[in-house]
Amino acid sequence: MDDAYDPAGDRPGPLRVLVFGAAMRAGSVNARLASLVARLVADTGATVDLASMRDFVMPLYDGDAEDAEGLPSGALALRDRIERCEAFVISSPEYNASVPGVLKNAIDWVSRVHPQPFKDKHALLVSASPSMVGGNRGLWALRVPLEHLGTRVYPDMFSLARAHQGFTEDGQLTDSGLQQRLAETVEAFLRLVEADMRYVCLERRWYEFLGDRTEAPITQRAED
């Protein structure tokens with residue numbers, strides 16, 4: 001990944017990837033999974049920005065508060081971190097078979113920024129849960145708002161079941177097969193991001209976000 005395309009400088013440079021755990025609890029298994037993913041991303045040569053949901057504290061979305069005070073500092077901080085990267089990874093817990101409220105609230109706040117910071121970013125979704133399904137249902141729910149906002153969510157997702165027993169003392173996965181699968185998923189995801197950054201030659205607009213009011217033309221895509 002060392003010669004990945006740098007869209008800001010129009011020259012080779014490492015991919016920049018934001019990785020954050022979407023749980024508030026410091027000892028969360030999703031914080032541990034995010035740390036592991038960050039190490040795997042760094043192993044490819046990409047630049048990693050590791051964060052936690054506590055870095056982006058914000059109140060519940062309130063349109064009146066937005067009109068009176070603008071976006072809260074936590075939402076602006078998350079906006080800035082997303083804009084500095086080509087891709088992001090979210091390690092999200094599952095609450096009642098869906099998205100944690102604190103994560104959905106953060107997405108709602110950041111979606112108020114124009115131009116839309118989620119649009120055209122690549123995302124990989126992972127989860128860890130003590131349950132037997134590993135938080136997979138929550139990831140399917142998380143895809144909906146992100147894809148609506150124009151994020152290119154990677155088709156393959158990773159869910160770690162029985163996560164309270166899933167980590168070694170040094171932060172690896174206890175199941176070597178799952179460790180290999182996670183590493184392969186991260187590498188494949190970053191190769192896709194790199195290909196998009198380096199080799200797309202047309203102005204991209206693959207998604208139409210209904211709230212977008214930019215004037216950029218829609219890209220006509222050619223297929224081999």
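Is Y154 buried or exposed, and what is its relative accessible area? I opened the predicted model with that question.

**Entry 1: Y154**

I placed the residue before anything else. Y154 sits in the loop that joins β7 (152-153) to β8 (158-160). I then looked up its relative accessible area, which came out at 15%. The cut-off for buried is under 20%. Y154 is therefore buried, loop position or not.

Next I asked which residues Y154 touches, leaving out those up to four places away in sequence. I got A123, L124, R143, T185, A188, F189 and L192. I also checked L125. It is 29 residues from Y154 in sequence, yet the C-alpha to C-alpha distance is 7.5 Å.

**Entry 2: strand β3**

I moved to β3, residues 16-21. How many of its residues are buried? I counted 5 of 6, so I noted the strand as mostly covered.

I looked for its partners. β3 pairs with β4 (residues 47-52) in the parallel sense, over 6 bridges. Within that pairing, L18 has D49 as its bridge partner. I followed the chain from β3 to β4 and found that it passes through helix α1 (residues 29-43). This β-α-β crossover is right-handed.

β3 also pairs with β5, again in the parallel sense, over 5 bridges. Here F20 has I90 as its bridge partner.

**Entry 3: helix α4**

I took α4, residues 101-110, next. Which of its residues are buried? My list reads L103, N105, A106, I107, W109 and V110. I recalled the helix geometry: with 3.6 residues a turn, residues three or four places apart point the same way.

I then asked what these buried residues pack against. The elements are β3 (16-21), α2 (63-69), α3 (73-83), β5 (87-91) and α5 (136-148).

**Entry 4: the cavity**

I searched for cavities of 30 Å³ or more and found 1. The largest cavity has a volume of about 40 Å³. Which residues line it? They are F20, L78, I82, F88, I90, L103, I107 and F118. The elements giving two or more residues to this lining are α3, β5 and α4.

I sorted the lining by type. It has 8 nonpolar residues, no polar ones and no charged ones.

I cross-checked against my earlier entries. F20 and I90, the bridge partners from β3 and β5, both line the cavity. L103 and I107, on my buried list for α4, line it too.

How values were computed:
Residues numbered from 1 in each chain as written. Predicted model: local features only at pLDDT ≥ 70, side-chain atom pairs only at ≥ 80, totals over all residues. Heavy atoms only, no water. Buried < 20%, exposed > 50% of the residue type's maximum accessible area, 1.4 Å probe, protein only. Helix = DSSP H or I, 4+ residues; strand = E, 2+ residues; numbered from the N terminus. Contact = heavy atoms within 4.5 Å. Pairing = 2+ DSSP bridges. Right-handed = clockwise from strand over helix to strand, strands pointing away. 1 Å grid on protein atoms, 1.4 Å probe; cavity = no way out; pocket = protein on both sides within 12 Å on 5 of 7 lines; lining within 4 Å. Points joined across faces, edges and corners; volume = space filled by probe spheres on them. Nonpolar A, V, L, I, M, F, W, Y, C, P; charged D, E, K, R; others polar.
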